[in-house]
Amino acid sequence: MAAQQLKSGESSSKVLEQLRGKHVLITGTTGFLGKVVLEKLIRAVPDIGGIHLLIRGNKRHPDARGRFLDEIATSSVFERLRHDDNEAFETFVEERVHCVTGEVTEPMFGLSPSQFRQLANGIDAIINSAASVNFREELDKALAINTRCLDNVAELARQNSNLSVLQVSTCYVNGMNAGQVTESVIKPAGEPLPRNPEGYYEIDELVRLLEDKIADVRSRYSGKMLEKKLVDLGIREANRYGWSDTYTFTKWLGEQLLMKALSGRSLTIVRPSIIESALEEPAPGWIEGVKVADAIILAYAREKVTLFPGKRSGVIDVIPVDLVANAIILSLAEALSEPAGQRIYQCCSGSSNPISLGEFIDHLMVEAKTSYAEYDQLFYRQPSKPFVAVNRKLFDAVVGGVRVPLSITGRVLKMLGHSRELKALKNLDTTRSLATIFGFYTAPNYIFRNDELLSLSSRMGDVDRVLFPVDARQIDWSVYLRKIHLAGLNRYALKERKLYSLRSVKARKKAA
């Protein structure tokens, strides 16, 4: 029905209408999500006025254009575009992709005042997807890129009062709060912070306090010890205010900074949950690198981990990257058509199409048992042990070397298929490391809701529901996890990256 509407012209796309002729600045296109957003805009919004990319130069490519052509335009994310019409893709890139050499954490992105003003006046919207997604980042670095750099975004909006700002955040700004998580401002679960009557939390004093603590650590340590102390400081302060890690803490701070700085102006915050490989676009399973859940999958596939802290009945909220990109583009179109006001949307699956951690693990183990040979880069052989999720207290007791009743220890080791404790603890360091980083995400006490996003999709109409689907209810978890996601990991995250590196080496040799 909807496909017929697209062909017959019975209905039009509100998204395409709103983005026609518009100029959009995107940060973070060297990252996974940023590439998918860029690809979808090029492929699905051919009448967009221009796409401006803020890219940091590096030693090999001091200018943004050179880095874009070498590191982004060559990505497998564009294989579909190149296959369908390579000449049209090359023409679009040449004429309508504009690269700006800059650094998100530098004042005015490292541009001169006149360059910054020209950038601000030349765009209609900004999608800020730049972030440090390292859960255990040094606090100064996380604060710079996830919080402080948003001063630059706010300054763009001050210099162009008609600018629509879209900030990519994360559902996990929820921190340690439990229960139903709505698309609203999140209250800290730890030490209280003052709340402004407009709804956001006042963070200026807190950020100054954090910077003072960073300065104190810097004055007393150096080298690797300084890095460790800054990581520890980030985790400690995050925990104090109600977050499990530095990433989610500093992303929450960024939300508050923008809500205050852009009070009365256009601001949309899009919060994805755990972003994984594409459901359909640009290709089923497309992914770049190893994401949150994949680190655990890979460790299991290589038989590094068989025991993990988690709640089998808990909902693990995973969302394919193409649904997130669509949510960003949908909400961007809304912001351009109705610029007043601030909106929050969550792109997630937990409330509409939940999958439990136990089901997630079971799908993985069944596929590993029956079809491991199909994933030659992922499984070197069929895993011989089951993957078991246990409660945190029991996990800590077993891997921590704490004395526990022999009956409990024996039962756990039997579940793992081990007859001797030495074998069970063979890959203890890997298990501990993954549990430290990801343990919070596998024992959830919350359900993310996305009622507002689904309402937005409904308002946009049938054509945009086809062009820019965001509803997680279309996901068949068995098919997605077993046949799409594992195949994508095998093809793109593991094998494809090696092929691309070989090509680049050959190209450099040929050039020399």
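Are Tyr 172 and Phe 448 buried or exposed? Tyr 172 is buried, and Phe 448 is buried as well. The legends below describe close-up views of a predicted model.

**View 1. An aromatic pair joins a loop to strand β13.** Tyr 172 and Phe 448 form an edge-to-face aromatic pair, with 5.0 Å centre to centre and 90 degrees between the planes. Tyr 172 belongs to the loop between β5 and β6 (179–181), whereas Phe 448 belongs to strand β13 (residues 446–448), so the pair ties together parts that are 276 residues apart in sequence. Both residues also take part in a cluster linked by ring pairs, which further includes Phe 135, Tyr 247, Phe 438, Phe 440, Tyr 441 and Tyr 446. The structure as a whole holds 21 aromatic pairs.

**View 2. Seven strands form an open parallel sheet.** The sheet consists of 7 strands in the order β3-β2-β1-β4-β5-β7-β11, and the pairing is parallel. At the edges stand β3 (97–101) and β11 (342–347); each has a single partner strand, so one side of each is left without a neighbour in the sheet. On average, neighbouring strands of this sheet are turned by 20 degrees against each other, direction ignored. Strand β2 (residues 50–55) runs parallel to β3 and is joined to β3 by 5 bridges. Within this pairing, Val 100 in β3 is the bridge partner of Leu 54.

**View 3. Helices α3 and α13 pack on the sheet.** Helix α3 (residues 32–44) touches β1, β2, β3, β4 and β5, and the direction of α3 makes about 165 degrees with that of β2. Helix α13 (residues 321–337) likewise packs on the sheet, where α13 touches β1, β4, β5, β7 (267–272) and β11. The direction of α13 makes about 165 degrees with that of β11.

**View 4. Strand β4 is covered on both faces.** In strand β4 (residues 125–128), Ala 125 and Ile 127 lie on one side and Ile 126 and Asn 128 on the other, and all are buried. Strand β1 (residues 23–27) pairs with β4 in the parallel sense over 4 bridges, and Val 24 stands opposite Ala 125. Strand β5 (residues 164–168) also pairs with β4 in the parallel sense over 4 bridges; here Leu 166 in β5 is the bridge partner of Ile 127.

**View 5. Thr 268 is a buried residue of strand β7.** Its relative accessible area of 0% is under the 20% limit for burial, and Thr 268 therefore counts as buried. Beyond residues up to four places away in sequence, Thr 268 touches Val 165, Leu 166, Gln 167, Ser 331, Ala 335, Arg 343 and Tyr 345.

**View 6. Asp 84 is an exposed residue of helix α5.** Helix α5 spans residues 79–96. Asp 84 counts as exposed because its relative accessibility is 54%, over the 50% limit. Asp 84 and Arg 43 are 41 residues apart in sequence, and their C-alpha atoms are 10.0 Å apart in space.

**View 7. Helix α14 contains buried residues.** The 15 residues of α14 (residues 357–371) reach 21 Å from the first C-alpha to the last, close to the expected 21 Å. Among the buried residues of α14 are Phe 360, Ile 361, His 363, Leu 364 and Glu 367.

**View 8. Two segments have pLDDT under 50.** For residues 412–426 the model has 19 contacts beyond four places in sequence, and for residues 496–512 it has 11 such contacts. Where pLDDT is low, the predicted coordinates should not be read in detail. The chain has a mean pLDDT of 88, and 88% of its residues reach 70 or more.

Terms used:
Residues numbered from 1 in each chain as written. Predicted model: local features only at pLDDT ≥ 70, side-chain atom pairs only at ≥ 80, totals over all residues. Heavy atoms only, no water. Buried < 20%, exposed > 50% of the residue type's maximum accessible area, 1.4 Å probe, protein only. Helix = DSSP H or I, 4+ residues; strand = E, 2+ residues; numbered from the N terminus. Pairing = 2+ DSSP bridges. Axes fitted to C-alpha atoms, helices over the stretch in contact; angles between N-to-C directions. Contact = heavy atoms within 4.5 Å. Expected span 1.5 Å × (residues − 1). pLDDT = per-residue confidence, 0-100. Phe/Tyr/Trp six-rings, centres within 6.5 Å; stacked < 30°, edge-to-face > 60°.
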